[in-house]
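This briefing is for a reader meeting the structure for the first time. Please look over the sequence and the model, then read the points below.

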Amino acid sequence: MIYAQILAGGKGTRMGNVPMPKQFLLLADKPILIHTIEKFTLESRFDAILVVCPADWVSHTEDIIKKYITDERVHVVVGGADRNETLMSGINYIQDHYGIQDDDVVVTHDAVRPFITQRIINDNIIAVLENKAVDTVVPAIDTIVRGANDQVTDIPVRSEMYQGQTPQSFHIKTLIDSYNALSSEQKASLSDSCKICSLAGQKVSLVRGENYNFKITTPFDLRVASALVEKRS
Ligand SMILES: Nc1ccn([C@@H]2O[C@H](COP(=O)(O)OP(=O)(O)OP(=O)(O)O)[C@@H](O)[C@H]2O)c(=O)n1
Ligand SMILES: O=P(O)(O)OC[C@@H](O)[C@@H](O)[C@@H](O)CO
């Protein structure tokens, strides 16, 4: 089976003083989350599309899905305290509702990257059917500088530097085994799901993202996203 998992369990604290987690804010005529779900419903190879949201936003999430989406593959799942706990809540849902087979894979995506393209989804599906873990990246445009205590400690070669996006796609059994192999300190330090696999010694393949597939994190990002949507329509 090929699953999609949309990670919508965050609080959006960097968005500042807004009335709801950023994934539920309107982008033009509908919530950011709905734009993202729509892109996944266009892909017929997904057997199920899980939307993992905060526990106290389940009924709101169900309401907006009912309003905007007619695809019966979409299911709402309760997320966790951090992003990887949310990811694993979705995996537990798959285990409980469908069972996990040897060749099952999942394409996971941030709810707040609504400009994902069908090309990126397709490349992730193709890559994850041949590899255990896949990351979507764009080449670093700025030079990346490593620093500590107000001092430069390293300036890595830029052509080897990328910025991580999502989707991040996994062979599900490998993801579970890799996650279970981590210590609780390692789990707490992760800001990225592919790192689960790389810390566990798994190879992670790269798929080309798009600058357009940016994450809406701050009020500035929301203004850029709104301008892009308005220009398109
Ligand atoms: N417990 C969490 C935390 C984050 N996410 C999701 O992971 C994606 C990317 O994370 P980020 O931009 O960091 O979202 P937030 O954690 O909501 O934002 P912030 O860090 O500003 O609070 C978002 O779609 C967010 O909903 C999640 O599913 N579960
Ligand atoms: O570190 P942040 O909380 O901004 O983001 C966490 C994740 O969303 C991030 O790991 C993916 O978007 C891809 O790197």
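Leaving aside neighbours within four places in sequence, Ile-69 is in contact with Ile-34, Ile-37, Thr-41 and Val-74. These contacts belong to a predicted model. The points below place Ile-69 first, then turn to the core, the chain as a whole and the two ligands.

**Ile-69 and its setting**

- Ile-69 sits in the loop between α2 (58–68) and β5 (74–78).
- Ile-69 has 19 other C-beta atoms within 10 Å, and because a buried residue needs 20 or more, Ile-69 counts as partly exposed.
- One of its contacts, Thr-41, is 28 residues away from Ile-69 in sequence, while the C-alpha atoms of the two are 8.7 Å apart in space.

**The nonpolar core**

- The largest nonpolar core has 51 residues.
- Within that core, Ile-6 and Val-51 touch the most other members.
- Not counting residues up to four places away in sequence, Val-51 touches Ile-6, Ala-8, Ile-37, Thr-61, Ile-65, Val-74, Val-76 and Val-77.
- Ile-37 and Val-74 are thus among the residues touched by Val-51, and both are also in contact with Ile-69.

**The chain as a whole**

- The chain contains eight helices and eleven strands.
- Of its 233 residues, 38% are buried.
- The C-alpha trace spans about 50 × 45 × 30 Å along its principal axes.
- The radius of gyration is 18 Å, which agrees with the value near 17 Å that a compact globule of 233 residues would have.
- Taking contacts between residues at least 6 apart in sequence, 72% join residues at least 24 apart.

**Around ligand 1**

- Ligand 1 is surrounded by 21 residues, and the closest are Gly-9, Gly-10, Thr-13, Arg-14 and Thr-86.
- By class, the shell around ligand 1 has six nonpolar, nine polar and six charged residues.

**Around ligand 2**

- The residues around ligand 2 are Arg-83, Asp-110, Gly-164, Gln-165, Thr-166, Ser-191, Asp-192, Lys-215 and Thr-217.
- Strand β10 (residues 162–171) supplies three residues, the largest share of the shell around ligand 2.
- The shell around ligand 2 has five polar and four charged residues and no nonpolar ones, whereas the shell around ligand 1 includes six nonpolar residues.

Terms used: Residues are numbered from 1 along each chain as its sequence is written. Chains are lettered from A and ligands numbered from 1 in the order in which they are written. This is a predicted model: local features need pLDDT of at least 70, side-chain atom pairs count only at pLDDT 80 or more; totals for chains, interfaces and linings use all residues. A residue is near a molecule or strand if its C-beta atom, placed from the backbone, lies within 6 Å of it. Helices (H or I, at least four residues) and strands (E, at least two) are DSSP runs, numbered from the N terminus. Ala, Val, Leu, Ile, Met, Phe, Trp, Tyr, Cys and Pro count as nonpolar, Asp, Glu, Lys and Arg as charged, and the others, Gly among them, as polar. A residue is buried if 20 or more other C-beta atoms lie within 10 Å of its own, exposed if 12 or fewer, and partly exposed in between; C-beta atoms are placed from the backbone. Two residues are in contact if their C-beta atoms, placed from the backbone, lie within 7 Å. A nonpolar core is a set of buried Ala, Val, Leu, Ile, Met, Phe, Trp, Tyr and Cys residues joined through C-beta atoms within 7 Å. The radius of gyration is taken over C-alpha atoms; the globule rule is 2.2 Å times the number of residues to the power 0.38.
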